[in-house]
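Reader: I am in my first year and would like a close look at one part of this model. Please start with a single element and work outward to what surrounds it.

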Amino acid sequence: MTDSNALLELRGVKVHFPIRGGLMNRTVASVKAVDGVDLKIMRGETLGLVGESGCGKSTLGRAILQLIKPTAGSVFFEGEDLMTMSDEEVRKRRANMQMIFQDPFSSLDPRFTVGRVIGEPLENYEYGSPKEVDERVRYLLRTVGMSPNVLNRYAHEFSGGQRQRIGVARALALNPKFIVADEPTSALDVSIQAQVLNLMGELQKEFNLTYLFVAHNLSAIKHVSTRVAVMYLGHIAELGKAEDIYGNPQHPYTIALLSASPFPDPQMEQTRKRIILTGDVPSPVNPPSGCPFHPRCWKAQAICREVYPTLEKKSSGAQEVACHFPGA
Ligand code: SF4
């Protein structure tokens, strides 16, 4: 049984990439990019997924959409497990699950006109006659705040913000229920970032969208997230309502990430105490035993090196945390 309030439910999802070597080109090791993630994404929410580069967050986003086939686990979309479906069945469901990419400069084919970029998914899914496709593309352009007159122009003729609007229009073409937005504003000027975020917020209300919003720092997703999941080395370290994560962080990694995020309030910024994490991010080929954060954690004790902490609620906070000694 899955939770009927959840649009997506992940159980034990792993994505391991094999490393081949030797004369026989056999698998000699694997990169454990995602290593056992349980997660629900509730209907109509924005779940912010945050972590340093290489923590597995983008891989997890792609694994949910089955753009990368998970090595193990279940991915339930509206109660149906995508992992047990044929490629054709997954393709049909994917009309409801789309992606907005990080870099609007490389994600839009420079050989295609704007009309073709946005119309391509409609044609792939046999939306209707050429006239109906044309009308839908014009409607989508208006929806993202652009003039339908740009139909015959090429994506490279536009600014970064406009290109990302074109990317959003393409993602909306098939009227999806769920969108993975993979750092959708990080390649844009700061002045344009707020416009794209506002647009995404308006579209969410208008079309009842559910978002997974992937970002590498907590400040980028503060104002858009209903809930936040903090990811470290292929695992969820902390998961809860945005106000609990920002107001009362429990996992030492979240506390360190927050201490590194600049605050817009100058008074808070003055009192911010930055925690500098020592040591490198361990290799996902050979992750540490027990808690994966223990080689960098200032609170680590013997149990941390031996026992993996379960993601669960503790008395010190309302959110779930994977830590033996949570809290400040
Ligand atoms: Fe630190 Fe131990 Fe908590 Fe891991 S389990 S974050 S090592 S205190």
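What follows is one connected account.

Author: This is a predicted model, in which local features need pLDDT of at least 70, side-chain atom pairs count only at pLDDT 80 or more, and totals for chains, interfaces and linings use all residues. Residues are numbered from 1 along each chain as its sequence is written, and side-chain values use heavy atoms, without hydrogens or water.

The starting point is helix H4, residues 130-143. Helices (H or I, at least four residues) and strands (E, at least two) are DSSP runs, numbered from the N terminus. The 14 residues of H4 should span 20 Å at 1.5 Å a residue (the expected span is 1.5 Å times one less than the number of residues), and the end C-alpha atoms are 20 Å apart, so the two values agree.

Which residues of H4 are buried? They are Val133, Arg136, Val137, Leu140, Leu141 and Thr143. Buried means under 20% relative accessible area, exposed over 50%, and partly exposed in between, with a 1.4 Å probe and protein chains only. Down the axis of H4, these buried residues fall within an arc of 155° (taken from the directions from the helix axis to the C-beta atoms), so they line one face of the helix. On the face turned away from the buried side, H4 carries the exposed residues Lys131 and Arg142. The cover over the buried residues of H4 includes helix H3 (114-124), helix H5 (160-172) and helix H6 (190-207); contact means heavy atoms within 4.5 Å. After H4 comes Gly145, with a positive phi near 80°.

H3 can be read in a similar way. Its buried residues include Val114, Gly115, Val117, Ile118, Gly119, Pro121 and Leu122. Among the elements that cover the buried residues of H3 are H4 and H5. H3 is followed by Glu126, whose phi is positive and near 50°. Most residues other than glycine have a negative phi. Elsewhere in the chain, Glu78 is not a glycine and yet has a positive phi of about 50°. Glu78 sits in the loop between strand E4 (72-77) and strand E5 (80-81), and at 33% relative accessibility Glu78 counts as partly exposed.

H3 and H5 also appear in the lining of the second largest pocket, to which helix H2 (87-94), strand E6 (97-100), H3 and H5 each give at least two residues. That pocket holds about 430 Å³ of space. Of its 19 lining residues, the closest to the centre are Gln98, Met99, Phe101, Pro121 and Arg170. On a 1 Å grid over the protein atoms alone, a pocket is an open set of points with protein on both sides within 12 Å along at least five of seven lines, a cavity is a set where a 1.4 Å probe fits but cannot get out, and lining residues have an atom within 4 Å of a point. Points are joined across faces, edges and corners, and a volume is the space filled by probe spheres set on them.

The loop between E6 and H3 holds Phe105, which is partly exposed with a relative accessible area of 42%. Beyond its neighbours within four places in sequence, Phe105 is in contact with Gly160, Arg163 and Ala187. Phe105 and Ala187 are 82 residues apart along the chain, and their C-alpha atoms are separated by 8.7 Å.

Last comes the enclosed space. The whole structure has four cavities of 30 Å³ or more, and the largest cavity holds about 80 Å³. Of the 14 residues lining the largest cavity, the closest to its centre are Cys291, Cys297, Cys304, Cys323 and His324. Cys291 is buried at a relative accessible area of 11%, and Cys323 is buried at 9%. How many disulfides does the structure hold? The count is zero, where a disulfide is a pair of cysteine sulfur atoms within 2.5 Å.

Cys323 is also one of the residues that His251 touches, along with Ala237, Glu238, Phe293, Val321 and Ala322, not counting residues up to four places away in sequence. His251 lies in the loop between helix H8 (242-247) and helix H9 (252-259), and at 3% relative accessibility His251 counts as buried.
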